[in-house]
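Subject: Handing over the structure

Hi,

Here is the structure I promised to pass on. Please have a look at it first, and then read my notes below.

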Number of protein chains: 2
Amino acid sequence: MDQAQLLSRLQLVFQEHGYEGATLSKLAAHSGLGKASLYHHFPGGKAEIGATLLSGAIERLEKLAFAALRQNANPRQRLTEFVDGFATYTEDGASPCLIAAFSQGSAWVAHGDAVAEQFQSWRALLAATFQEAGYKPRRARREADALLGVLYGQLLLAKLSDDPGAFRRSIKRLKKSLLAG
Amino acid sequence: MDQAQLLSRLQLVFQEHGYEGATLSKLAAHSGLGKASLYHHFPGGKAEIGATLLSGAIERLEKLAFAALRQNANPRQRLTEFVDGFATYTEDGASPCLIAAFSQGSAWVAHGDAVAEQFQSWRALLAATFQEAGYKPRRARREADALLGVLYGQLLLAKLSDDPGAFRRSIKRLKKSLLAG
DNA sequence: GTCTATAGATCGATAGAC
DNA sequence: GTCTATCGATCTATAGAC
């Protein structure tokens with residue numbers, strides 16, 4: 001099994017149980033490795049596994065979604081590409097995404113600063129793009145917050161309603177309203 | 001300390017750490033009671049504490065928010081009252097709300113059916129109200145999903161961005177667009 | 001109704017064989 | 001690089017004094 005596949009299996013455990021609920025026993029069982037093998041790959045134990053997954057998720061979300069906002073296309077085009085990228089990001093099994101799972105309890109204490117900084121940077125980038133699209137600064141920030149809120153909210157909604165299609169439908173809606181508004 | 005205050009303190013622990021991360025030691029420490037005392041009040045242990053809090057949260061959300069949708073006012077008026085009620089519900093310290101905290105891991109397995117049924121019922125009620133407001137059935141369901149998604153998403157966003165005001169601002173936005181759209 | 005003390009299971013983490 | 005065996009800490013839950 002290669003590294004990417006191992007990380008993917010470990011990530012599922014964190015997403016399913018949250019950071020504190022993802023015990024080493026569960027991580028070992030779902031990865032097919034013994035506990036000691038996990039410590040061979042991640043000497044820092046559970047905290048290092050979590051940090052590796054979290055930074056990987058941030059990197060992937062940056063590359064798939066937010067990078068589109070830094071390109072040269074017109075602002076509304078960039079925004080719809082961002083939404084598409086976010087949808088792609090969620091397709092590798094990231095139902096309620098890993099970053100949300102890490103926003104609770106001791107995971108937040110351990111890794112929260114890095115997440116919070118990255119998040120604020122993304123938030124500012126998105127607001128700047130709305131501003132380029134013609135919104136005044138204040139309004140642009142609120143549009144950015146609203147868009148982020150919808151994206152995260154729909155992820156949770158898809159799980160609560162046990163309806164994966166709900167997320168895809170809301171993505172289509174979002175793109176339409178972005179192009180229209 | 002009365003029962004309501006005890007439940008409120010216990011709820012904070014579940015919201016902070018998620019269901020699996022809310023250990024009896026933390027629950028005892030934050031409630032100011034010993035572990036054995038908790039078992040006196042909740043013979044079923046952690047599972048009963050969780051179930052009590054969850055059904056209380058569902059009841060409160062029904063009463064404060066969704067009940068408004070069952071009244072006789074015109075549909076758009078009911079919808080804005082629903083949004084107001086949802087905002088009120090979140091003010092008793094329910095940052096990312098308890099129901100969201102229970103949507104992970106073993107809490108979902110233990111209490112998920114009750115949550116899922118209640119949630120689908122709420123979702124249908126909200127869709128019906130949008131339908132009364134003039135939307136066709138399909139469109140009404142999507143408006144309902146979008147609204148629920150925004151509400152839940154903004155809760156998470158307020159935590160990630162460490163900006164409680166963001167939620168309040170998005171509520172104002174939502175009401176305006178509901179009245180306009 | 002609350003406490004201390006503790007049982008038995010499981011936790012994160014390590015040692016050492018292969 | 002993976003395993004079994006095991007450590008001390010912490011977990012859920014209980015017993016019994018007050």
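Let me start at the DNA: a polar backbone atom of A:Leu24 lies 2.4 Å from a phosphate oxygen of DNA strand C, a polar contact being a pair of N or O atoms within 3.5 Å (within protein, one must be able to donate a hydrogen and the other to accept it, and residues adjacent in sequence count only if both atoms are side-chain atoms). Before going on, please note that this is a predicted model, in which local features need pLDDT of at least 70 and side-chain atom pairs count only at pLDDT 80 or more, while totals for chains, interfaces and linings use all residues. Residues are numbered from 1 along each chain as its sequence is written, chains are lettered from A and ligands numbered from 1 in the order in which they are written, and side-chain values use heavy atoms, with hydrogens and water left out.

**DNA strand C**

The backbone of B:Gly34 also reaches this strand, with a polar atom 2.5 Å from a phosphate oxygen. From the side chain of A:Thr23, an N or O atom is 3.5 Å from a phosphate oxygen of DNA strand C. In total, 16 residues surround the strand, and A:Leu24, A:Tyr39, B:Gly34, B:Ala36 and B:His41 are the closest; a residue counts as near if one of its heavy atoms lies within 4 Å. Of the strand atoms that come within 4 Å of the protein, 65% belong to sugar and phosphate. H3(B) gives the largest share of this surface, 4 residues. Helices here are DSSP runs (H or I, at least four residues; strands are E, at least two), numbered from the N terminus.

**DNA strand D**

Around DNA strand D there are 15 residues, of which A:Gly34, A:Ala36, A:His41, B:Leu24 and B:Tyr39 come nearest. The side chain of B:Tyr39 places a polar atom 2.7 Å from a phosphate oxygen of this strand, and for the side chain of B:Ser25 the distance is 3.1 Å. B:Lys46 uses a polar backbone atom, 3.4 Å from a phosphate oxygen. Here H3(A) supplies the largest share of the surface, 4 residues.

**Where the two chains meet**

On the protein side, 40 residues of chain B are in contact (heavy atoms within 4.5 Å) with 39 residues of chain A. About 3,300 Å² is buried between them, and carbon and sulfur atoms give 56% of that; buried area is the accessible area (1.4 Å probe) that two parts lose on being put together, summed over both. B:Gln104, B:Leu160 and B:Arg173 supply 21% of the area that chain B buries against chain A, more than any other three residues.

There are 4 salt bridges between the chains, each a side-chain nitrogen of Lys or Arg within 4 Å of a carboxyl oxygen of Asp or Glu. One of these joins A:Glu20 and B:Lys26 at 3.1 Å, N to O. The rule also finds 8 residue pairs in polar contact across the interface. H8(B) gives the largest share of the side of chain B that touches chain A, 15 residues.

**How the copies are related**

Chain B superposes on chain A by a rotation of 180 degrees with 0.0 Å of shift along the axis (RMSD 0.0 Å), fitted by least squares on the C-alpha atoms of residues with pLDDT of at least 70 in both. The two copies are therefore related as by a two-fold rotation axis. The same surface serves both copies, since 98% of the contact residues of chain B recur in chain A. Within chain B, the C-alpha of B:Gly153 comes closest to the axis, at 1.7 Å.

Best wishes
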